[in-house]
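Me: I'd like a close look at one part of this model, the metal site, along with whatever is built around it. Could you walk me through it in one go?

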Amino acid sequence: MTTTLSQVYREKPIRLYNIIPLDFNSVRTVPDSHVWPKSDDFSSDHRLTIPIVDLEDPNAVKLAGQACEAWGAFHVINHGIPLNLLEEVESETRRLFSLPAETKMKALREPDGATGYGLPRISKFFPKHMWHEGFTIMGSPADHAGMLWPNDNARFCYAMDRYQKKMEVVAEKLTNLILESLGMSQEDPKWEVGSSPFSAALQLNSYPPCPNPDRAMGLAPHTDTSIFTILHQNSVSGLQIFKQGAGWVSVLPIAGALVVNVGDLLHILTNARFPSALHRAVLNQDGYHRLSVAYFYGLPSDCRVSPWLKLLNSVEKPRYRSVTVKEYVGIKSNNFQQALWLIRI
Ligand SMILES: C=C1C[C@]23C[C@H]1CC[C@H]2[C@@]12CCC[C@@](C)(C(=O)O1)[C@H]2[C@@H]3C(=O)O
Ligand SMILES: O=C(O)CCC(=O)C(=O)O
Ligand SMILES: [Fe+2]
């Protein structure tokens with residue numbers, strides 16, 4: 001029997017305390033539970049930016065490959081997602097997070113659940129809470145949307161469904177682009193899975209205006225457990241990517257563009273040629289409400305990943321052992337950022 005990704009996450013329960021977000025509308029100061037140690041690295045070097053890849057540019061293959069290797073991230077333009085769909089998903093996301101706290105609590109993620117409203121899963125690894133609330137969708141959002149809006153969830157569900165379908169198309173395009181940049185063909189990866197080769201999740205993120213943005217954390221540094229992630233951010237900045245040798249670099253929103261970042265699975269498959277992008281979200285000084293929508297493009301839980309042999313030359317040895325996605329998610333759920341290190345050879 002095959003297990004779904006949401007079942008895999010279900011097997012890793014989280015304590016309620018690490019799921020319930022603060023009622024951000026009711027606070028005027030940052031409570032101690034949300035105060036992070038003073039940090040001087042919240043600012044970043046503004047001369048550096050991640051590359052922009054235009055999918056209609058004949059050079060896109062080469063540029064995407066270079067961006068993945070140097071940054072593990074890039075902006076993508078001419079991706080084929082209509083601007084009005086991005087706007088609609090953003091406004092439905094805003095409508096969700098604008099609901100009263102007690103309504104959102106009706107769709108709270110179960111301690112052993114993967115989907116619904118709550119703090120990010122990684123909260124349990126940090127002593128302080130993040131200035132963040134999220135809503136996770138795997139497949140249909142209908143169950144949890146029905147708890148939020150018993151009579152009025154069609155618009156939300158329709159937007160999220162349509163967005164996921166369109167995102168899958170972009171994700172397939174990007175996969176082919178990336179494979180080509182590595183000198184591989186679409187048939188090369190042997191995913192060792194049955195019917196559906198990919199699996200995806202959608203995460204709606206909200207970073208409410210913060211009274212003391214220097215002492216709070218939007219989303220703590222992490223890498224994604226995906227092949228890659230495709231992110232839409234509203235016009236408010238906050239995303240930063242860590243670049244080896246340069247430090248934290250802001251990824252300022254470009255209207256209509258999407259941000260693509262390499263996740264752990266592609267890092268393993270490329271034998272570390274592509275870095276899994278370490279990223280975080282910081283809070284803005286201007287009292288703006290930041291929203292983002294992340295599409296995690298991953299593999300089904302029974303799928304095995306190990307470095308693609310075709311990429312290895314005679315002297316290069318695989319750096320990671322073979323793991324199933326299920327096994328890797330388990331290791332990451334217990335060990336967070338040590339996970340890659342724990343599967344190295
Ligand atoms: C398919 C995914 C990817 C998840 C877990 C599951 C659903 C929610 C995703 C996030 C979203 C917020 C950051 C993150 C780090 C988190 O805590 O939850 C992500 C995590 C991962 O990339 O590992
Ligand atoms: O909000 C952002 O810019 C980042 C979101 C993110 O990293 C995630 O959902 O995994
Ligand atoms: Fe992320």
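Reply: Quick bit of vocabulary before we start: contact here means heavy atoms within 4.5 Å. Also keep in mind that this is a predicted model.

Let's begin at the iron ion (ligand 3). Its protein donors are NE2 of His-222, OD of Asp-224 and NE2 of His-279, lying 2.1 to 2.3 Å from the ion. Along the chain, the donor residues follow the spacing H-x1-D-x54-H. His-222 belongs to strand β6 (residues 219-222) and His-279 to strand β11 (residues 279-281), so this pair ties together parts that are 57 residues apart in sequence. Are the two histidines buried or exposed? With buried meaning under 20% relative accessible area, His-222 counts as buried because its relative accessibility is 9%. His-279, at 7%, counts as buried too.

What does the record say about this stretch? The UniProt annotation, from an unreviewed entry, reads "domain: Fe2OG dioxygenase" and covers residues 197-299. In the model, that span is 44% strand and 6% helix, and its end C-alpha atoms lie 7 Å apart.

Phe-42 comes from another part of the chain, the loop between α1 and β1. Leaving aside neighbours within four places in sequence, Phe-42 is in contact with Pro-213, Asp-214, Ala-216, Met-217, Gln-240, Arg-280 and Val-282. Phe-42 and Arg-215 are 173 residues apart in sequence, yet 9.8 Å apart in space, C-alpha to C-alpha. Because its relative accessibility is 15%, Phe-42 counts as buried.

Now for the sheet. Eight strands make an open, mixed sheet, in the order β1-β2-β10-β7-β12-β5-β4-β3. The edges are β1 (52-54) and β3 (116-118), each with a single partner strand, so one side of each is left without a neighbour in the sheet. From one strand to the next, the twist averages 25°. As a general point, strands of a sheet pair through backbone hydrogen bonds, either parallel or antiparallel. For one pairing in detail, take β2 (residues 73-77) and β10 (residues 258-262): they run antiparallel and are joined by four bridges. There, His-75 stands opposite Val-259 in β10.

Helix α6 (residues 154-181) packs on this sheet, touching β1, β2, β4 (133-137), β5 (199-207), β7 (228-233), β10 and β12 (290-298). Its direction makes about 130° with that of β7.

That brings us to the packing. The largest nonpolar core has 75 residues, and those with the most contacts inside it are Phe-135, Phe-156, Tyr-163, Leu-174 and Leu-204. Helix α6 supplies the largest share of this core, 12 residues. Phe-156 is a good one to click on: not counting residues up to four places away in sequence, it touches Glu-92, Arg-95, Leu-96, Phe-135, Ile-137, Pro-141, Ala-145, Trp-149 and Leu-204. Apart from the largest core lies another, of 19 residues, including Ile-122, Tyr-207, Cys-210 and Leu-283.

Last stop, helix α8 (residues 325-335). Its buried residues are Val-325, Tyr-328, Val-329, Gly-330, Ile-331, Lys-332 and Ser-333. What covers them includes α1 (5-10), α7 (264-269), β14 (323-324) and α9 (339-342). After α8 comes Phe-336, with a positive phi near 50°.

Notes: Residues numbered from 1 in each chain as written. Chains lettered and ligands numbered in written order. Predicted model: local features only at pLDDT ≥ 70, side-chain atom pairs only at ≥ 80, totals over all residues. Heavy atoms only, no water. Pairing = 2+ DSSP bridges. Helix = DSSP H or I, 4+ residues; strand = E, 2+ residues; numbered from the N terminus. Axes fitted to C-alpha atoms, helices over the stretch in contact; angles between N-to-C directions. Buried < 20%, exposed > 50% of the residue type's maximum accessible area, 1.4 Å probe, protein only. Donors = N, O, S within 2.8 Å, 3.2 Å for Na, K, Ca; no water. Core = buried A, V, L, I, M, F, W, Y, C linked by side-chain atoms within 4.5 Å. UniProt positions renumbered as here; feature names shortened; annotations may be inferred.
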